[in-house]
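The following exercises treat helix packing and sheet architecture. Each task is followed by a solution in steps.

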Amino acid sequence: MAQTLVEQEDLLVVKDLKTHYPIRNGLLGGQTGSIKAVDGVSFTVKKGETFSIVGESGCGKSTVGMSILRLTEPTSGEVIFNDKNVLEKNKHELKAIRRDMQVIFQDTYSSLNPKHTIKKILSEPLVINRKMTKEKREERVIELLRLVGLGPHHLNRFPHEFSGGQRQRIGIARALALNPKLIICDEPVSALDVSIQSQILNLLEDLQQKLKLTYIFISHDLSVVEHISDRVAVMYLGKIVEMGKREEIFNHPQHPYTKALLSSVPIADPKLKNKRERIILKGDVPSPKNPPKGCHFHARCPFKMEKCEEAYPSYVHVSSEHRVACHLLDS
Amino acid sequence: MTTLLEVKNLNAGLGEGDYRSLLDQINFTVKKGEAIAVVGESGCGKSMTALSIMGLLPRNIKIKSGEIKLEGVELTSKSQKEMNEIRGKEIAMIFQEPLTSLNPSFTIGNQIAEVLKYHTDYTAEQIKEKSIEVLKQVNMPDPEEKLKAYPHELSGGMRQRVMIAMALACHPKILIADEPTTALDVTIQAQILELITELQNKFNMSIIMITHDLGVVAETCQRAIVMYAGQIVEESSVEELFEKPLHPYTRGLMLSAPRLGNPKEKLHVIEGTVPDPDDMPKGCRFSPRCEFATEKCFAEEPPLEQVDKSRRVRCWHKLL
Amino acid sequence: MAEPAIQIPNEQTERKKKENVRSPEWAAFKKNKLGMAALWVLIAITLIAIAAPLIAPYDPYAQNVANRMQGPSAAHWLGTDSYGRDTLSRIIYGSRTSLLVGVVSVALSGIIGFAAGIIAGYKGGKIDDVIMRVLESIQSIPLLLLGLMVLVAAGSNLVTLILVITVGLLPSCARIARGTTIDIKEKEFVKAAISMGSSTTRILFHHILPNIMSSLLVISALHMTSAIMVEASLSFLGIGVQPPTPTWGNMIQDGFKYVTLNPTLAVYPGIALIIVSVSFNLVGDALRDALDPHLSRKR
């Protein structure tokens, strides 16, 4: 909740980003359709803020992150980072831009090369991108370890000798090696135990203050998102259905899906048990292969109207930051 | 309320000569119709406790001593064959990952029928009727159709419903739910938790809810047992537990999880990590991570003490 | 910031741990007694093959008509063949051919096949399609039949024999390399490396190769068996390595002619063949067990 550092300047602008995966079938591998993992997503991220993307599995939140880094090639749209359009850059220019954008993953086991020591893992970005002497490099590696709360005695160990929380710290240290401006955190604490989760969340916040970082925080856990975010976007089936400041989303949600999500979270307070107004959605998230016509959410929506089946709602601005795609707000 | 299940001084661990304790003096009872939570982080022994009750411990882990009594009948001395009679019929269990718990090469109908065939002498006709009935009980949309479906054709939430339907097929007295919603999305989790509570009330079934999520505990259970490093550290009614946790670990867990609608500047942190079973700390097992630890905590292991009628705590410095 | 609980490592346990950790695979392999025994057998046979001129009691080509078709004796431990040549010496020299054909063809097919498979797996798309279709077309012909056709058409000699076996082994080399590469490519540490600006070569050599090496090793050990067996079969059929060069295959064939007179002539080289191929198989299996991620992930 480090809101003090947010500047007004935009660091990242995403415009109408689409990432469709082709579905190949048949003998010749012809394309028979596409999965619209991300289908027209637009948002901006300001310098120094934590922008969260929240949604259920299959909503496309991770694909947004991977598309910004071009680890997954987007189909169309614009990603403007520091006034440069990431999607138009060639391989060489991309390499330069990527130094400023790093990523932290959920699976701490597969995010570190099991055959490399911690020293090798942390040196790698420096070897590739910085010309520095071996001594300088070693110094920097130790500095990175200290930054994430580990010590030099960990240098010559392998990833499997660490606990999940420690491995995540190493993943964070690696992301910090090149002094990035933006870090995409893809479910960084979802695989961790509660007591370790809070250690990592606090670490991320401390680092943000110290190193003036900007985060895109991708998560399915609403409590964590509420804790760490400045602004939040809620995604459903490839589209952002609601976006706004944290307080707006969590205290005054407008979209029925956001309301349902919030009311679904079990709260660790037995006194609230029967006092909360709960919306329990029926059914499952439809397949992104063929999302329902009109508003994607209409099949599960308790407030469905006729026009919801016909047209996808356009955004309605509730406040300067807060916009919602729902026909309920049309009038 | 009558006592249904009683676990007494249960000790279990790895190996024999080079014994490593994984469960240490587990003591608790489950009453008829109540939902009891077993809470803790990974490696605390909560799933191991459930598997001991089911008689499904991995081969390398053995019960060293202790009793598990279901309505007065000792379970630990039963053979696998005798346990098969009890599993599914008296006690049923559902797991975290419904995809791996279902056999991918049989239809849902086949798998429910399997349970019924084993424990009842229904005819084929009755089995089908009963299968549809249990699928209806778990609010499965068009149950007749779903009998012909294979597990991979269903979503995660639907598969968990099938698991619950199979567990319920023979009206077990106790349902053990091992992290039943951890692999599911929030909106689906809400559906499943609601279903479990509904079924508990409908059939007056006892539930042992194994979870790491305090939110799930608060919403579905009446009593809770907190485990740490193979031991019970606290037991209490859910209201009292959340009102006033007595063990520093319980308190730490509650403070370190971000809670919806109550954002804080900074999360509380429990330093360090869960100890390795090879390398258990002397004295209180939580002492190296405890902010209130004193000399005594490092030297002597505290007993699990009864503090009032329904509360037990294992701590030298209870947060009274 | 959360200060980590720094544990002071106990030096002794630390060292013990490290040894296991450096090569947990090797530690697991060592536990497999059968695999270790097979490995020792192979080492011994390799040494025998290398030192054949020093070890063999007789010249394998020296004929002695007076001493034809003799049974085992103090002078000729395994007896003599129809030309009076010493069977033991011929088996010892025969091991050279078997291992040479095995090692060279497995190495060549490995270098080419693994490279092709890794590139196909990593790049995907068209390149993948082309490489894999070509290799699958080779695979549609059984290795022995392929050898027969080529050797009959092009004439028998050792180089052609090795090349044919190499080509025959390529598809399964490529398939294993491709499959494991695709697995590793999806791992997040590769994505992290890309986002740090690693070049493709660097990713292939630093991230992919070390992680698939173990599977490549396993398949190579199993391929040794196939290569040696194919060489023996072709030589048995008379189109592999030509007499008088001794190979186990043509020795079995030779003995076959006199099977009613002295069956042991065919049996001894047969036993040698079985020992070597079974040993390679056992080593391969032991490697697979040792490298199985499900077992080795457990600490």
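**Exercise 1.** In this predicted model, identify the residues through which α6(C) meets α8(C), and describe the geometry of the packing of these two helices.

*Solution.* Begin with the contact. From α6(C), the residues are C:D128, C:M132, C:L135, C:I138 and C:Q139; from α8(C), they are C:V167, C:L170, C:P171, C:S172, C:A174, C:R175 and C:R178. Sorted by class, this contact has seven nonpolar, two polar and three charged residues.

Next, take the axes. Helix α6 (residues 125-139) of chain C packs against helix α8 (residues 158-185) of chain C at an angle of about 140 degrees, and the axes lie 8 Å apart. α6(C) is therefore oblique to α8(C), since only angles over 145 degrees count as roughly antiparallel. Finally, the hand of the crossing of α6(C) and α8(C) is left-handed.

**Exercise 2.** Determine which strands pair with β9(B), and in which sense. Then decide whether the faces of β9(B) are covered or not.

*Solution.* On one pairing, strand β3 (residues 35-39) of chain B runs parallel to β9(B), with four bridges; here B:A37 is opposite B:A224. On the other, strand β10 (residues 231-237) of chain B is antiparallel to β9(B), with six bridges; B:M227 is opposite B:I232. β9(B) and β10(B) make a hairpin with two residues between them, and B:A229 in the turn has a positive phi of about 50 degrees.

Now consider burial. Six of the six residues of β9(B) (residues 223-228) are buried. B:R223, B:I225 and B:M227 lie on one side, and B:A224, B:V226 and B:Y228 on the other, so that both faces are covered.

**Exercise 3.** Give the strand order of the open sheet in chain B, state which strands stand at the edges, and locate the helices α7(B) and α11(B).

*Solution.* The order of the eight strands is β6-β7-β8-β3-β9-β10-β12-β11, with mixed pairing. β6 (91-94) and β11 (305-308) of chain B each have a single partner strand, so one side of each lacks a neighbour in the sheet. From one strand to the next, the twist averages 20 degrees.

At the β11(B) edge, three bridges join this strand to the antiparallel β12 (residues 311-313) of chain B, with B:Q306 opposite B:R312.

Two helices complete the solution. Helix α7 (residues 156-168) of chain B lies across β6 and β7 (174-178), at about 175 degrees to β6(B). Helix α11 (residues 248-256) of chain B touches β9 and β10, and its direction makes about 100 degrees with that of β9(B).

Methods: Residues numbered from 1 in each chain as written. Chains lettered and ligands numbered in written order. Predicted model: local features only at pLDDT ≥ 70, side-chain atom pairs only at ≥ 80, totals over all residues. Heavy atoms only, no water. Axes fitted to C-alpha atoms, helices over the stretch in contact; angles between N-to-C directions. Parallel < 35°, antiparallel > 145°, perpendicular 65-115°, else oblique. Left-handed = near helix turned anticlockwise from the far one by under 90°. Contact = heavy atoms within 4.5 Å. Nonpolar A, V, L, I, M, F, W, Y, C, P; charged D, E, K, R; others polar. Buried < 20%, exposed > 50% of the residue type's maximum accessible area, 1.4 Å probe, protein only. Pairing = 2+ DSSP bridges.
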